[in-house]
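Me: Please take a close look at the nonpolar interior of this model and at the aromatic side chains in it. I would like one connected account, with the burial of individual residues spelled out.

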Amino acid sequence: MWVIGLVLFLIGWRMLVEQLLVRLASVPVEACRVYLGVVAVLCAVAVFALADQAHATEVKIPADSVRYRLQVERAAGEQFGLSAPAARLAAQLHQESGWRTDARSAYAQGLAQFAPATAAWLPQVCPSVGKPDPWDAGWSIRAAACYDAWLYHRAQGATDCDRWAMTLSAYNGGEAARDRESRLAYEARDDPARWFGQVEQQRSRGVAAWQENRTYVRRILLTLEPAYLAAGWPGQEVCP
């Protein structure tokens, strides 16, 4: 079904571009750039949504996740209580490292992919996590849960789904970038408290970082969390 949806979307996109070219023939160049920029952002959001549908049935939960399940459930419970979103935390760790404790990127390390500077700073707001060690699975799990809780309590959202989207966006790309994009949404007369279709359309960072951030949020909440819930992990889908 997602393939059909993609084909229809591309046909609609071609028709829209043809209509725009006709209408913009007499419009100033700067206005044309604005119009086309808006259309490009809407196109990207639509592609993200189609990608979510395409991958929803393709999630393979790594066997290594079983090894850390009790630690994930315990850490989520300590930070969020009875409504602990263990499946959401598991989905986030899946997205971050694929459950590999030796995962390394250009800027981050370990199971939860903490940047060294963030790992060193984190005990200031999460003293219970102990001495920073991104390569230690137990530390990474506790740290990710605590950092999520810290960001969640600072985030605003029209719904809990939006609030978690804001939280995950900040985890991945920082609160400053997310807040700039919330302000852009407000200036565009969108709702700065709604992530999907509102704040997510705004961009205040490089294209690659922006695309990664949007994919990160959508994949965790719309694809991976449902997969972990279906596999029996505790929690409740926050973005039904």
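Reply: A residue is called buried here when its relative accessible area is under 20%, exposed when that area is over 50%, and partly exposed in between. S182, with a relative accessible area of 13%, is therefore buried. The model is a predicted one, and the same cut-off applies to the burial of the residues discussed below. S182 belongs to helix α8, which covers residues 175–187, and, once residues up to four places away in sequence are set aside, S182 touches M166, P192 and V199. P123 falls on the other side of the cut-off, since its relative accessible area of 21% makes it partly exposed.

As a frame for the interior, the chain has 9 helices and 0 strands, and 41% of its 240 residues are buried. Among contacts with a separation of 6 or more, 60% join residues that are 24 or more positions apart.

The largest nonpolar core has 53 residues, and the members that touch the most others are L93, W99, F114, Y171 and L221. Two or more residues of this core come from each of α3 (64–80), α4, α6 (137–154), α7 and α9, with α6 giving the largest share, 11 residues. As a general background, nonpolar side chains tend to be buried together in soluble globular proteins.

The aromatic side chains can be taken next. Across the whole structure, a search finds 14 aromatic pairs. One of them joins W99 and W233, whose ring centres are 6.0 Å apart and whose planes make an angle of 40 degrees, so that the pair counts as tilted, a class lying between stacked (under 30 degrees) and edge-to-face (over 60). This pair links distant parts of the chain, for W99 is in the loop between α4 (86–97) and α5 (116–121), whereas W233 is in the segment after α9 (207–230), with the two positions 134 residues apart. Both W99 and W233 are buried.

A second tilted pair is formed by F114 and Y171, at 5.8 Å centre to centre and with 55 degrees between the planes. Here too distant parts of the chain are linked, because F114 lies in the loop between α4 and α5 and Y171 lies in helix α7 (residues 160–173), 57 residues apart. F114 has a relative accessible area of 2% and is therefore buried, and Y171, at 9% relative accessibility, also counts as buried. F114 and Y171 belong to one aromatic cluster together with W121, W139, Y147 and W150.

The surroundings of W99 show which parts of the chain meet at this ring. Leaving aside its neighbours within four places in sequence, W99 is in contact with P62, D64, S65, Y68, V72, A90, L93, H94, L111, Y228 and W233. Three of these contacts, S65, Y68 and V72, recur among the buried residues of α3, which are S65, Y68, V72, A75, A76 and F80. The buried residues of α3 are covered by elements that include α4, α6, α7 and α9.

The course of α3 itself can be described in some detail. Its 17 residues should span 24 Å at 1.5 Å a residue, and the C-alpha atoms at its ends are 24 Å apart, so the expected and modelled spans agree. Even so, α3 bends by about 40 degrees at L70. After α3 comes G81, with a positive phi near 75 degrees.

Helix α9 can be described in the same terms. The 24 residues of α9 should span 34 Å at 1.5 Å a residue, and the end C-alpha atoms are 33 Å apart, which agrees. There is a kink of about 40 degrees in α9, centred on R219, and α9 is followed by G232, whose phi is positive and near 100 degrees.

Two arginines also lie over aromatic rings. R88 is over the face of W164, 4.8 Å from the ring centre, and R163 is over the face of Y152, 4.0 Å from the ring centre.

To return to the partly exposed P123, this residue is in the loop between α5 and α6. Its contacts, apart from neighbours within four places in sequence, are G130 and P132. P123 and C146, which are 23 residues apart in sequence, have C-alpha atoms separated by 9.8 Å in space.

Conventions: Residues numbered from 1 in each chain as written. Predicted model: local features only at pLDDT ≥ 70, side-chain atom pairs only at ≥ 80, totals over all residues. Heavy atoms only, no water. Phe/Tyr/Trp six-rings, centres within 6.5 Å; stacked < 30°, edge-to-face > 60°. Helix = DSSP H or I, 4+ residues; strand = E, 2+ residues; numbered from the N terminus. Buried < 20%, exposed > 50% of the residue type's maximum accessible area, 1.4 Å probe, protein only. Lys NZ or Arg CZ within 6 Å of the ring centre and 35° of its normal. Core = buried A, V, L, I, M, F, W, Y, C linked by side-chain atoms within 4.5 Å. Contact = heavy atoms within 4.5 Å. Expected span 1.5 Å × (residues − 1). Bend = angle between axes of the 7 residues up to and from the residue.
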